[in-house]
Each structure stands twice: as C-alpha cells, then as structure tokens.
Number of protein chains: 2
Amino acid sequence: MNPFYNINSDYKSKLLKELEAQTYEFSKNEEILKKIKNRNYIGIILNGTIQIIKTDYNGNRTIIEELIENDIFGTKISSLSNNEYTITTKDKTKIIIIDYEQLIKVNNQSTYYNQFIKNLLEIIINSVNDKNDRIEILTKKTIRNKLLEYFRIISTKNKSKNIYLPFTFTDLADYLAIDRSAMTRELKYLKEEGFIEIKNKRITLLY
Amino acid sequence: MNPFYNINSDYKSKLLKELEAQTYEFSKNEEILKKIKNRNYIGIILNGTIQIIKTDYNGNRTIIEELIENDIFGTKISSLSNNEYTITTKDKTKIIIIDYEQLIKVNNQSTYYNQFIKNLLEIIINSVNDKNDRIEILTKKTIRNKLLEYFRIISTKNKSKNIYLPFTFTDLADYLAIDRSAMTRELKYLKEEGFIEIKNKRITLLY
DNA sequence: ATTATATTGTTGCAATTGCAACAAATTAAA
DNA sequence: TTTAATTTGTTGCAATTGCAACAATATAAT
C-alpha cells in the first residue's frame, strides 16, 4: 500500500510541507540516519531497499527486517532507539522522514491529512503481520522446524511451492537467529530426505 | 492510551453505532471469539485481561501476548487467522469488536472518526514496540541470554532492579519459547553465580 | 480442612546446536 | 582477467538444550 494513496500530488506536497517532512537520498550500502537517532521519527521508503540490522556486543549480526518501497520504519516501529541497530541501504534509496510528535500532535482536519493517517494505520497493521510471522518462526524449537515454518509462510504468501530467497543463506541464518553452518547441515538433511530441492536461491517444496 | 481519547461519550456511541461495533462480555478463563474467526476484525479491551495463546500440533503451548485494558488485538494484529491460536480471558473481560473493512473503507470525515483512527495508530505503533522486544529476546541463542534480555527489558521499562513476573514461570518459559525445566536449571545457575535473587515471583537483579 | 489441581524443582540422558576451522565455489573489484 | 572478498559447504567436538519422569510445594476447589 502506498502511504499517499488517495492523495493527489498537490495535497501531498502540502502535507509534507505542513509536517516538515525531510527527503533524503542515499546510495547503495550506505549506513543511514545515524544523526537523527535521538528524535522520534517515522520514515517512508519512496524507492530502494533498506535492511535493519542488529549487531550485538559479540559481533553477532542479525537482520531484523528488510524493507522496500512504501514500507515504513521508525524509532518506535523498529526498536531504533537501541544503538545496536543500524539501517543500511541495499540499493540506491530515497526516503522521507517525518517527526512523530509533529505527525500525531498536529491538529489538522484536512481530508488529505486524515487520509494519510488512515493509510499509515493500514500499513502498520500489515507490518505487524510480518512481525508475527517472524515470532512464529523464532518460537519453533529446532532448526528444522524454523526452516519449515519459514518455507510455509513464504509459500502460503506467494501461493507457490517455489521459494526464491530474497537474500543470501548467510542472511537467512541471521534472520532465523541460528548458526549458519548448522543451518546448511539441516538443509542437506532435508534434501537427502526428499523434502526440498535447492537450486541456487530457489528452494522447491516437494511435499 | 485510551482508544477513545479526545472523543466524548456521545460521539463514542455514535461512532460505535456507525462502525457496527459489537460489545461482548466474558467471564474468567473463557476461550473467546471462536465464531468470528473468518472475519477480519479489530478488538479493543475495555477492561479485564486476555492472553493470546498458541498450541501447535505437538501440544506445545506458547503465550504469544497478554493484553489488558485499552490494548487492541485482531486478525491481522495478532496472527489470529491461524487456527492454532486461541484467545482466553484471565479475568472477567469486556471487549469491543469492529469489522476491519468497515473501519478502513468507510468514508466518514467527522472529527471523532478521524480522532479514533489517529488513536488506533498511536496504540498500534506502541504495540509494535512490544513485538520488537519479543523478537529481541527470541533472537538470543542461549537460555541464559534470553532470560537476561527479558530482565533487561522489563527492568529498563520500569526503571527498577526488581522484576515482578506478570505470570507464572511456566508461562514465562512459553513466552521465551524454551523448555521449562531447562529454564529452571538456568535460573538456579544465575542464582548460584550471584547474578539474581528470586523470592516467589520477584526477581532482583544484582548487577 | 481435606482433596484435587497446578506449579515449581531436580536430574540423567540423548539429541540438537553452536563453534571453529577449513576448502570450495561464487561474486565483486581492480 | 586476475585478484580479492564474500558466500557456501563440510565436519568433529563440546556445550547447551529438550525431554521424560518424578518429588515437593503451592494454590484452588469442595
């Protein structure tokens, strides 16, 4: 869903001006937004891809989420107040930053403002779904069950037995919060037992 | 935050009527809402406590979340379309159910409606925070680190070294998605090593 | 107050996992 | 196209964990 759905471009400009929204552009593999960490903000991705990455004191890297065009993120939405987190672009990326207090506290009764709030509500409700999926996976106790749950969710979402990994296997292990080599081992067993087939980044479910 | 913040009781009634909201009352330990599972809804807890509980095919029970007055839940917000999930009351509980499509699709430009949407937005943004915390914990690899992360989050939230468990140890194990007996063992080690002190449901951090 | 139910504590053991340390293969950069 | 960097595959081994099966407490119900 587009955050500016049902808002024409004149009103969109007006809205962004009223909210004192800032537009930023970043190139590939840039770590962004280190500066505004102490403010409470909501960000909207106009185009490109970002990853929210966590690196703990041991150096363990975990991909918290990968976001694309029209996804939103922000201090409250993505645990970004914690400074173990970084936001990194995967492509050339353009974003908009809106101050959260400004967004909520402003008393604007215009149609375009109300429509915008409603759009944000829909987007966030959908993003909560993704977090629930992640929790669903992480609560599985074995590596095998985490993998199968991950496959099930993607397969259901795309109505296909073919799963195209949106990132590397290394990243997948981070996402599932498991050891990479142990994951590779388990994938091998799943192949040997005839549950799946793997060709590069495409995994096919045979059940 | 109250979902009806800044909406007086006349407008509140009007709003709920326009949205065809349903009010339900349940007694303690009732499993609720089995009937409306195929509709997409948002629920608001007026008073009481509910738990969203998941029981998988192995019979493993996991508390997904515990919600109280003014919290909201719903199909998209809480993975409730999956029928491994149940909602159970912990106390006498009163809730309101609003049809999601009705809420979003209706074209109502009244102030109270817009205020309500805005309130829901704020509530959901805050609830996303809780899910992030849960993910934070679940991505820790050892039982010890899961426990310490859980303690850290509660302690930070309440600005206190004393943590009062909001549920039983059995439930805590479910919440952390770990084996209960293994958790008890790890808590014993943490006590022996002088990191924590436990008295009934109060855990004191000694570091 | 007695009984029934639920929670907590404990422990041995097998299974699973993370870790470390590589080699092989793939992808990106110079 | 050669070199560098990253990703993938593999395996032994030690550490962690889940599981099962209880006993001991604590809480709730009659």
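1. Which residue of chain A has an N or O atom in its side chain 3.3 Å from a base nitrogen of DNA strand C? The residue is A:Ser181, and the note starts from this contact, with the caution that the whole model is predicted.

2. The surroundings of DNA strand C come from both protein chains, since the strand is surrounded by 18 residues, the closest being A:Thr142, A:Ile143, B:Thr170, B:Arg180 and B:Lys201. Of the atoms of DNA strand C that come within 4 Å of the protein, 49% belong to sugar and phosphate. Two contacts with phosphate oxygens of this strand can be looked up in the structure: B:Lys201 places a polar side-chain atom 2.8 Å from one, while B:Thr170 uses a backbone N or O atom, at 3.0 Å.

3. As for the helices on this surface, at least two residues each are supplied by α6 (180–192) of chain A and by α5 (169–176) and α6 (180–192) of chain B. The largest share, five residues, is that of α6(B). Sorted by class, the residues near DNA strand C are eight charged, six polar and four nonpolar.

4. DNA strand D can be read in a similar order, beginning with the 18 residues around it, of which A:Thr170, A:Arg180, A:Lys201, B:Thr142 and B:Ile143 come nearest. Here sugar and phosphate make up 48% of the strand's atoms that come within 4 Å of the protein. A base oxygen of DNA strand D lies 3.0 Å from a polar side-chain atom of A:Arg180. Phosphate oxygens of the strand are approached by a polar side-chain atom of A:Thr170, at 2.9 Å, and by a backbone N or O atom of B:Ile143, at 2.6 Å.

5. Around DNA strand D, the elements that each supply at least two residues are α5 (169–176) and α6 of chain A, together with α6 of chain B. The largest share, five residues, comes from α6(A), and the surface as a whole has eight charged, six polar and four nonpolar residues.

6. The two protein chains also touch each other, with 44 residues of chain A and 45 residues of chain B taking part in the contact. Between them the chains bury about 4,000 Å², and 56% of this area is on carbon and sulfur atoms. On the side of chain A, the residues that lose the most area to chain B are A:Lys118, A:Leu121 and A:Ile125, which together account for 16% of what that side buries.

7. How many salt bridges does the rule find across the interface of chain A and chain B? The rule finds zero, although 14 residue pairs, with both residues at pLDDT 80 or more, are found in polar contact across this interface. Three helices of chain A, namely α2 (100–105), α3 (111–138) and α4 (143–158), are the elements that give two or more residues to the side that touches chain B. The largest share of that side, 19 residues, comes from α3(A), and by class the side holds 19 nonpolar, 12 polar and 13 charged residues.

8. Turning to the division of chain A, its domain assignment gives domain 1 (9–131) and domain 2 (140–205), and the centres of these domains, taken over C-alpha atoms, are 29 Å apart.

9. A last point concerns helix α1 (residues 9–18) of chain B, whose N-terminal end is capped by B:Asn8, with a side-chain oxygen 3.0 Å from the backbone nitrogen of B:Asp10. Just after this helix, B:Glu20 takes a positive phi of about 55 degrees.

Definitions and conventions. Residues are numbered from 1 along each chain as its sequence is written. Chains are lettered from A and ligands numbered from 1 in the order in which they are written. This is a predicted model: local features need pLDDT of at least 70, side-chain atom pairs count only at pLDDT 80 or more; totals for chains, interfaces and linings use all residues. Side-chain values use heavy atoms; hydrogens and water are left out. Contact means heavy atoms within 4.5 Å. Buried area is the accessible area (1.4 Å probe) that two parts lose on being put together, summed over both. A salt bridge is a side-chain nitrogen of Lys or Arg within 4 Å of a carboxyl oxygen of Asp or Glu. A polar contact is a pair of N or O atoms within 3.5 Å; within protein, one must be able to donate a hydrogen and the other to accept it, and residues adjacent in sequence count only if both atoms are side-chain atoms. Helices (H or I, at least four residues) and strands (E, at least two) are DSSP runs, numbered from the N terminus. Ala, Val, Leu, Ile, Met, Phe, Trp, Tyr, Cys and Pro count as nonpolar, Asp, Glu, Lys and Arg as charged, and the others, Gly among them, as polar. Domain bounds come from an automatic or database domain assignment. A residue is near a molecule or strand if one of its heavy atoms lies within 4 Å of it.
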